[in-house]
Amino acid sequence: MYMFKYVMKRLGLMLMTFCIIMFMCFVLIKLLPIPIERSQGVDPNLTYYRLEGRGYIRNLVYNDAGVVIGYERVPIMIQMWRYIVNIFTRWDFGIGYSISGYMYKPVWDAFIDRLPPTILINIYSSLIGVPIGLGLGILAALKKNKWPDQVINVVIILLISMPSIVLGVLIQYVFCYKLQWFPLTMESGTDYFTWNMFRSMLPAVFALCLGSIAGYARYTRAELSEVLTNDFMLLARTKGLTRGQATMRHALRNSMVVIFPSILSEFIAVLSGSLLIESMFSIPGVGRLYLQSINALDYDFFMFLSGFYCLVSLLAGIVVDISYGFIDPRIRMGAR
């Protein structure tokens with residue numbers, strides 16, 4: 001019962017935080033000027049008409065040639081109300097106005113189209129990073145203060161100190177340009193589960209997972225080293241368990257109270273870090289689309305994708321907190 005109340009309380013706080021963040025984003029983005037595409041073959045009046053139809057501007061002013069030269073902004077609070085009504089009544093998150101290739105296209109459809117590559121590179125990075133990171137952390141803890149531990153610590157420090165974008169540049173130069181093991185950018189198309197597509201994704205996956213490997217190894221080594229020195233481990237050995245059995249049955253299980261939430265937090269860090277990596281390796285994912293919406297000042301795309309990343313981060317925080325109670329019953333029972 002306590003866990004249910006705690007979860008409901010956290011969900012309520014998450015919803016309140018989400019609303020405050022989105023309100024600030026909406027107000028700040030609406031204070032910026034409206035970019036109008038005036039390239040060849042694009043009618044700027046069409047953009048004004050669509051903005052007027054969505055309730056963002058009104059009272060259009062025309063020149064003698066029939067081109068819109070001025071308008072009046074609708075008050076921001078009225079714009080926000082119409083934006084929310086469109087979402088909850090018609091599942092309408094807006095349309096693109098200034099992003100090349102997505103002009104006058106629904107935001108939701110573009111998001112669904114760009115979501116698979118983002119999910120795949122993050123899943124691949126976790127599938128590669130988690131077992132390698134945990135394995136290195138366990139090896140470093142079991143060989144504490146010996147040469148394997150010292151080598152692993154040096155590698156951890158190097159990987160943690162370098163941002164994912166720096167790792168991406170090194171991977172592109174060494175493995176893609178010099179050795180030519182992988183292509184420089186991701187292949188085009190939607191055949192995401194072919195070997196060529198997977199191979200083209202690997203440089204971006206490595207750029208994301210190397211930092212996570214260092215994080216997993218650091219958390220695992222620190223926690224497991226502390227657990228291995230506890231008295232209950234000596235008791236387990238005196239009962240006849242080998243060192244490997246005691247480590248797997250008791251030490252790792254207790255260490256997971258800290259390690260498992262760190263895996264979730266590292267996954268969110270990878271998801272946010274993929275914003276730049278997607279642009280660097282030409283991954284047609286959500287992160288690259290988000291950067292394009294910022295550069296092009298596309299209001300509806302910016303609002304939706306900001307909400308997506310904000311919601312993912314907030315949900316991850318709740319999952320991490322709740323996971324402590326399910327992993328360690330002492331935390332769940334302690335409130336009683």
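# A walk through a mostly helical chain

Asn145 is exposed, with a relative accessible area of 60%, and this residue can serve as the starting point for a walk through the model, which is predicted. Along the chain, Asn145 sits in the loop that links helix α4, residues 107-142, to helix α5, residues 147-161. The backbone at Asn145 has a phi angle near 65°, which is a positive value in a residue other than glycine. Another loop residue with a positive phi is Ser282, where the angle is near 55° and the residue is again not a glycine. Ser282 belongs to the loop between α9, residues 243-280, and α10, residues 286-296, and its relative accessibility of 24% places it among the partly exposed residues.

From these two loops we can step back to the whole protein. Twelve helices and two strands make up its secondary structure, and when the chain is read along the sequence, two helices come before the two strands, after which the pattern continues with helices to the end. The protein has 336 residues, and 42% of them count as buried. Its accessible surface amounts to about 18200 Å², with 66% of that area belonging to carbon and sulfur atoms. If we take the contacts between residues at least 6 apart in sequence, 65% of them join residues at least 24 apart.

Helix α1, residues 2-30, contains Leu28, a residue that counts as exposed at 55% relative accessibility. Although Leu28 and Ile76 are 48 residues apart along the chain, their C-alpha atoms are separated by 9.9 Å.

Helix α7, which runs from residue 195 to residue 228, deserves a slower look. A straight helix of 34 residues would span 50 Å at 1.5 Å a residue, yet α7 spans only 42 Å between its end C-alpha atoms. Where does a kink lie in α7? The helix has a kink of about 40° at Leu202, shortly before the proline Pro203. Phe198 is also part of helix α7 and is partly exposed, with a relative accessible area of 26%. The C-alpha atom of Phe198 is separated by 9.3 Å from that of Ile121, a residue 77 places away along the chain.

Leading up to this helix is the loop between α6, residues 164-178, and α7, and in that loop we find Leu184. Leu184 is partly exposed, with 43% relative accessible area, and beyond the residues up to four places away in sequence it touches Gln172, Cys176, Tyr177 and Phe281. Leu184 also brings us back to the proline of α7, since the C-alpha atoms of Leu184 and Pro203 are separated by 7.9 Å, with their positions 19 residues apart along the chain.

The cysteines raise a separate matter. How many disulfides does the structure hold? The number is zero, and Cys25 shows how such a result can come about. The cysteine sulfur closest to that of Cys25 is in Cys310, and the two sulfur atoms are 7.2 Å apart; because a disulfide requires sulfur atoms within 2.5 Å, this pair is too far apart for a bond. As for the surroundings of the cysteines, Cys25 has a relative accessibility of 18% and counts as buried, while Cys209, at 1%, is buried as well. The figure of 18% qualifies because buried means under 20% relative accessible area.

The last stop is helix α11, residues 299-327, which holds Ser306. Is Ser306 buried or exposed? With a relative accessible area of 7%, Ser306 is buried. Its side chain reaches the backbone oxygen of Phe302 at 2.7 Å. Once neighbours within four places in sequence are set aside, Ser306 is in contact with Met22 and Tyr290. Ser306 and Asn145 therefore make a useful pair to compare by eye in the model, since buried means under 20% relative accessible area and exposed means over 50%, and the two residues have values of 7% and 60%.

Note on methods
Residues are numbered from 1 along each chain as its sequence is written. This is a predicted model: local features need pLDDT of at least 70, side-chain atom pairs count only at pLDDT 80 or more; totals for chains, interfaces and linings use all residues. Side-chain values use heavy atoms; hydrogens and water are left out. Buried means under 20% relative accessible area, exposed over 50%, partly exposed in between (1.4 Å probe, protein chains only). Helices (H or I, at least four residues) and strands (E, at least two) are DSSP runs, numbered from the N terminus. A polar contact is a pair of N or O atoms within 3.5 Å; within protein, one must be able to donate a hydrogen and the other to accept it, and residues adjacent in sequence count only if both atoms are side-chain atoms. Contact means heavy atoms within 4.5 Å. Accessible areas come from the Shrake-Rupley method with a 1.4 Å probe; for residues, only the protein chains shown count as cover. The expected span of a helix is 1.5 Å times one less than its number of residues. The bend at a residue is the angle between axes fitted to the seven residues ending there and the seven starting there.
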